[in-house]
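Reader: I would like a close look at one part of this model, namely a charged side-chain pair and its surroundings. Please take the pair itself before anything else.

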Amino acid sequence: EQVEQSSLMAKEECYPLFETRKATGRFMYIIFSFSVFVGICSIWIYRLSYISKEFEDGNWIVWIGLLFSELWFGFYWLLRQNLRWNPIFRQPLPQVLSQRYEKVLPKVDIFVCTADPEIEPPIMVINTVLSVMAYDYPTEKLSVYLSDDAGSDVTFYAMLEASQFAKHWLPFCKRFKVEPRSPNAYFKTLDTTNSNNGKELLAIKKLYQEMESRVEKASKLGKVREEDYSNYKGFSQWDSYSSKRDHDTILHILLHRNDLNARDEDGIVMPALVYLAREKRPHFPHNFKAGAMNSLIRVSSMISNGKIILNVDCDMYSNNPQSLRDALCFFMDEDKGHEIAFVQAPQNFENLTKNDIYSGAFLIPYEVEIFGIDGFGGPMYIGTGCFHRRDVLCGRKFNKQYRNDWNNANDENINHRIEASLQEMEEKSKPLASCTYEENTSWGKEMGLLYDCAVEDIVTGLSILCKGWKSVCYSPTRKAFLGLSPTTLPEALIQHKRWSEGGFQIVLSKFSTLWYPYGLISLGLQLAYCHYNLWALNSFPTLYYCIIPSLFLLRGIPLFPQISSPWFIPFAYVIVGDSTYCLIEFLRVGGTIKGWWNDLRMWLYKRTSSYLFAFVDTMLKFIGFSNSGFIVSTKVAEEDVSQRYENEIMEFGNSSPMLTLLATIAMLNLFCLVGMLLKVVVLSGEGFRIFETMLLQVLLSGVLVVINIPIYEGLFLRKDKGRMPASVVVKSTTLALSACVLFSVLS
């Protein structure tokens, strides 16, 4: 019997903590991809074959421009296919984890980052904090840290309120298995009339509403009431506060197991809760979110020193209370766990419209491509919803002999600190968040998140993978985290400008994805990084295709094969075949036909505005003419803006160069198409030959006009505040008309 028990235990120990399966049906996809690639090669051959003829006609410069554009489109198409060749899907087995490791689960530190209480309201921040405090996990092994880069006393006040409300909220969540565990999200979706826990629900909802009212009053006033200041000694740390860019380190441990008051209403120890506003001085670089994260890594090592770190943005609340245990399945797996540096969950959003007008869901990247990247060695670190090994973030390189002894994972290396008072712990930790601490150290270079890049997360993840580690994608059926997507067009474009600018900065840095990872990661993974980091370079061929064919359509000069030519076939096949596949792929992952059209429109807008300005700004910074700043996306919207967003009416907002450029391209294509149609009418029968000789140009210009209908409405038809500004109407119309007239005169 003892032999049987030993055998059974051995089998259990060998059983993996997660399962991996490969996607099926790849053979048919590879055949289809090969056929499209043959079509692309045929297009290249067509361009090369007719260069000599275009020399004679005087259009060779335009022809070569089209050739280079199509070469780039073909190359980038290959990068996109790379993400679809080897997708894998992983399934954690938390029940096995509980059976094997329940008593030795590691400590986990959770980092929440905020930077501006006006853009990121404190009530939203504490909802995220409360959601991660309520994980189904031993509370004594859980610590939550808020980094407030604004050093706002209002945000600190909100954290105080949250620490008290949590004493009631956490027991309520566990008692009734609440999902989601962000109070605001839970109460928003709940039908109180059909609830089985009516009295307790009404009581907890009342407590939340009272807390929400107090926090929002303070937020509107922009300050904390005098009586609250005097009632809590923690506010004394703001006595030396000058501004959010000039203040001492503010650190306060709000909840800790050493504190007898840190118990919930059931007498259970609560997760540790810590507020940090790192020191800021005007003449010291603070390195934006990367600097905040690195301060949190150091401070948390003194207070809790969790082996695992989860970082989330302040608008990205936990939607799945089991996700922490699921992530540990990857780290603690006996066979593969020692290779894994971080576990990345896709970003998901709760405020998307039915047809996702601004393509904020990133359906294809997060529902298709991320699994393909996982098949090559691991997804990128995308800055939120990511579980890390602490030692890897602190610079540890991968070693095949390395094994983490989880049975001793919670042996206290900081026993002497446990006995210390909370005040002593705070004072010892403060220097770790000073603005001079990192001088002459490896922080930001080899340790922690890396600096000098607008996408500190991507370059940090790349650096980790190049040290030999792997990462995995964790995408549960119930989404792990839910956040907020931009609700206006300018917000979406600015967000993509920052991302594409950061990606291109990586290309030009010592970590360039073109050569640095070669031999350190798989070729497929290197190409995947290139696919995202080269976004900015898409702007020029896309702009060329949006402008030149339409202008030559106005002149009646064909740039593509006529419909009777055999060369028409590869163009038609590539366009129809790839577009059809993209539509099917989009629908398969839960999108709609209108959503796909919106996604295509945003694809065009990003390439012709965000990516162009990202390229220009990156090059200016590269040669020393400008510095990039970190722009925080707003998380609040005015009521009329929200209403238009829910009705899927495009919001243009204030005048900007990006809007002017988009409107100019839209107007130019409209003028060219209308000019061509007028020729057809004037020339009568002869005019219809244009459709035979220039069908592809007519279709291209026509699609560009149809896809820009929201811009035409914003320019001329709408009267609401979200329409195109009058200055953009004048500038875009004048520029487009001038370009058409000038082009016609010069020809």
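Author: The pair to take is R718 and D720, whose side chains form a salt bridge with N and O 2.9 Å apart. The model is predicted. The two partners fall into opposite sides of a cut-off: R718 has a relative accessible area of 13% and is therefore buried, being under 20%. D720, at 25% relative accessibility, counts as partly exposed. The pair does not stand alone, as salt bridges with shared partners link D640, R644, E651, R718 and D720 into one network.

For context, the structure holds 33 salt bridges. Another of them joins R225 and D228, with 3.0 Å from N to O. There the acid is the buried partner, D228 having a relative accessible area of 14%, while R225 is partly exposed at 43%. A further salt bridge connects D391 with R396, whose closest N and O atoms are 3.0 Å apart. In that pair D391 is partly exposed, with a relative accessible area of 24%, and R396 is also partly exposed, at 37%.

As to the chain around the network, an unreviewed UniProt entry lists transmembrane regions that include residues 611-632, 658-682, 694-712 and 724-746. Among the other regions in that record are residues 60-79 and 567-590. Residues 60-79 are 100% helix and 0% strand, and the end C-alpha atoms of that span lie 29 Å apart. Residues 567-590 are 88% helix and 0% strand, with 36 Å between the end C-alpha atoms.

Methods
Residues numbered from 1 in each chain as written. Predicted model: local features only at pLDDT ≥ 70, side-chain atom pairs only at ≥ 80, totals over all residues. Heavy atoms only, no water. UniProt positions renumbered as here; feature names shortened; annotations may be inferred. Helix = DSSP H or I, 4+ residues; strand = E, 2+ residues; numbered from the N terminus. Salt bridge = Lys/Arg side-chain N within 4 Å of Asp/Glu carboxyl O. Buried < 20%, exposed > 50% of the residue type's maximum accessible area, 1.4 Å probe, protein only.
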